[in-house]
Amino acid sequence: MSTDTDAETDADGNESSGGHCSTPDSDGEVAEEIAIISFERKMDTAEEIVADIGDRYESIDVIEYHGDVFAEHWGEYDCFVGLMASGIAMRKTAPLLDDKWDDPAIVVVDEELTWAIPITGGHHGANQVAQDLASMGAVPAMTTASEAAGKQGVEERAKALDAHVVNGDSTVATNLAVLDDELGPVERLDGPRAVLVGDDVTVLKRNSDDGVVLGTGSVSGAKKDQFVSAWESALEGTEYEMDDVEFVATGTRKEDEEGLLAAASELGLGVIAFQKETLEEFEGPSPSRSRELIGWPGIAEASAIAAGRSHELLIEKTQYDDAVTVAVGR
């Protein structure tokens, strides 16, 4: 959590005088192929869901319910949305469940879109679908321990880093450490290297090899559109587009900025926040008043360098709209 949420800051996180995607599926990637299973009388609601959130997924199909519908389509989709009573979905899918890392996620929602309830695969797609349904007014009833405690589990951290969990069984121990505030930051190890780990060490592997990261600082209260515009502007003149961005990086001082989180959510980007000690190891070349005022390195450049696979600063920080500072790393 930020330690200075009441302080006014400039666009790189400096003090001044005036003034949180998709969730990983069973492979740790984004759950993109969704099926809405609906009774015929509820088809209008199913189509309403498709029209409202369908563009957030690679595909979203509507399938009419019959007794064997889940069994017939098991393994075809990342997530099933059951437009039905939870008891029906539970009875019909329970015999099909085998392993949480391979099984599809399942969410149930009522016809009035009052509740969205993840039943299985909360960390593998169900929680995110429930959150997407929340944009239509449904209350996401998430019971996974880390989300219930308002904390970011290791699967969510993998998503934010555009990575996937290699050894799923380890997450029992590491998510317990999350709940006890004992896990700490994700450690980076660049290879070639051989690593020997225990059963309580979760290994994350990045999904892509050549993307970029956006290091970001801002004034307090910067708006969503200002972040989006700044990020788009920062990529202009480069060979990269928004689809090439792996995630957004910032400092813990800015991790609760509503505009930043909203912008990242709109673009389907994860957000990671580095502690001050980490940023100090990767301080950028541009001068920053935050070093003089509060002892923090400039957030944009330091987070871009720290987050990049090669720890390389591709574009030095630039301030946009007197509100958001962006640097690009890789």
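This is a conversation between a visitor and a guide about a predicted model.

Visitor: What makes Thr250 count as buried?

Guide: Thr250, in strand S10, has a relative accessible area of 0%. Buried means under 20%, so Thr250 is buried. Leaving aside neighbours within four places in sequence, Thr250 is in contact with Thr216, Glu255, Leu260, Val271, Ile272, Ala273, Phe274, Ile299 and Ser303.

Visitor: Which sheet does S10 belong to, and in what order do its strands run?

Guide: S10 is one of five strands in an open sheet, ordered S11-S10-S9-S13-S12, with mixed pairing.

Visitor: Why are S11 and S12 called edge strands?

Guide: Strand S11 (270–274) and strand S12 (313–320) each have a single partner strand, so one side of each is left without a neighbour in the sheet. On average, neighbouring strands here are turned by 25° against each other, direction ignored.

Visitor: How do you know that S12 and S13 pair?

Guide: Pairing asks for at least two bridges between two strands. Five bridges join S12 to strand S13 (residues 324–329), and the two run antiparallel. Leu313, for instance, stands opposite Gly329 in S13.

Visitor: What lies across this sheet?

Guide: Helix H12 (residues 299–307) lies across strand S9 (212–218), strand S10 (245–251), S11, S12 and S13, and runs at about 155° to S9. Angles over 145 degrees count as roughly antiparallel, so with about 155° H12 is roughly antiparallel to S9.

Visitor: Why is H12 called mostly covered?

Guide: Nine of the nine residues of H12 are buried. Among them are Ile299, Glu301, Ser303 and Ile305. Two of these, Ile299 and Ser303, are also among the contacts of Thr250.

Visitor: Why are H8 and H9 called oblique to each other?

Guide: Helix H8 (residues 224–235) and helix H9 (residues 258–267) pack at about 60°, their axes 7 Å apart. Under 35 degrees would be roughly parallel, and roughly perpendicular begins at 65. An angle of about 60° fits neither, and the pair is therefore oblique. The crossing is right-handed.

Visitor: Which residues make that contact, and how do they divide by kind?

Guide: H8 brings Lys224, Phe227, Val228 and Trp231, while H9 brings Gly259, Leu260, Ala262, Ala263, Ala264, Glu266 and Leu267. They divide into eight nonpolar, one polar and two charged. Lys and Glu count as charged and Gly as polar, so Lys224 and Glu266 are the charged pair and Gly259 is the polar residue.

Visitor: Is Thr252, in the loop between S10 and H9, buried or exposed?

Guide: Buried: its relative accessibility is 8%, and the cut-off is under 20%. The C-alpha atoms of Thr252 and Ile272 are separated by 8.6 Å, although the two residues are 20 apart along the chain.

Visitor: What makes His311 partly exposed and Asp321 exposed?

Guide: His311, in the loop between H12 and S12, has a relative accessible area of 27%. That value lies between the 20% and 50% limits, so His311 is partly exposed. Asp321, in the loop between S12 and S13, reaches 57%. Exposed means over 50%, so Asp321 is exposed. Phi of His311 is near 55°, a positive value in a residue other than glycine, and Asp321 likewise has a positive phi of about 55° without being a glycine.

Visitor: How do you know that Leu133 is buried?

Guide: Leu133, in helix H4 (residues 126–134), has 1% relative accessibility, and under 20% is buried. Its contacts beyond four places in sequence are Ile49, Ile53, Val107, Val109, Ala116 and Ala138.

How values were computed: Residues are numbered from 1 along each chain as its sequence is written. This is a predicted model: local features need pLDDT of at least 70, side-chain atom pairs count only at pLDDT 80 or more; totals for chains, interfaces and linings use all residues. Side-chain values use heavy atoms; hydrogens and water are left out. Helices (H or I, at least four residues) and strands (E, at least two) are DSSP runs, numbered from the N terminus. Axes are lines fitted to C-alpha atoms, for helices over the stretch in contact, and angles run from 0 to 180 degrees between N-to-C directions. Contact means heavy atoms within 4.5 Å. Angles under 35 degrees count as roughly parallel, over 145 as roughly antiparallel, 65 to 115 as roughly perpendicular and the rest as oblique. A crossing is left-handed if the near helix is turned anticlockwise from the far one by less than a right angle, and right-handed if clockwise. Buried means under 20% relative accessible area, exposed over 50%, partly exposed in between (1.4 Å probe, protein chains only).
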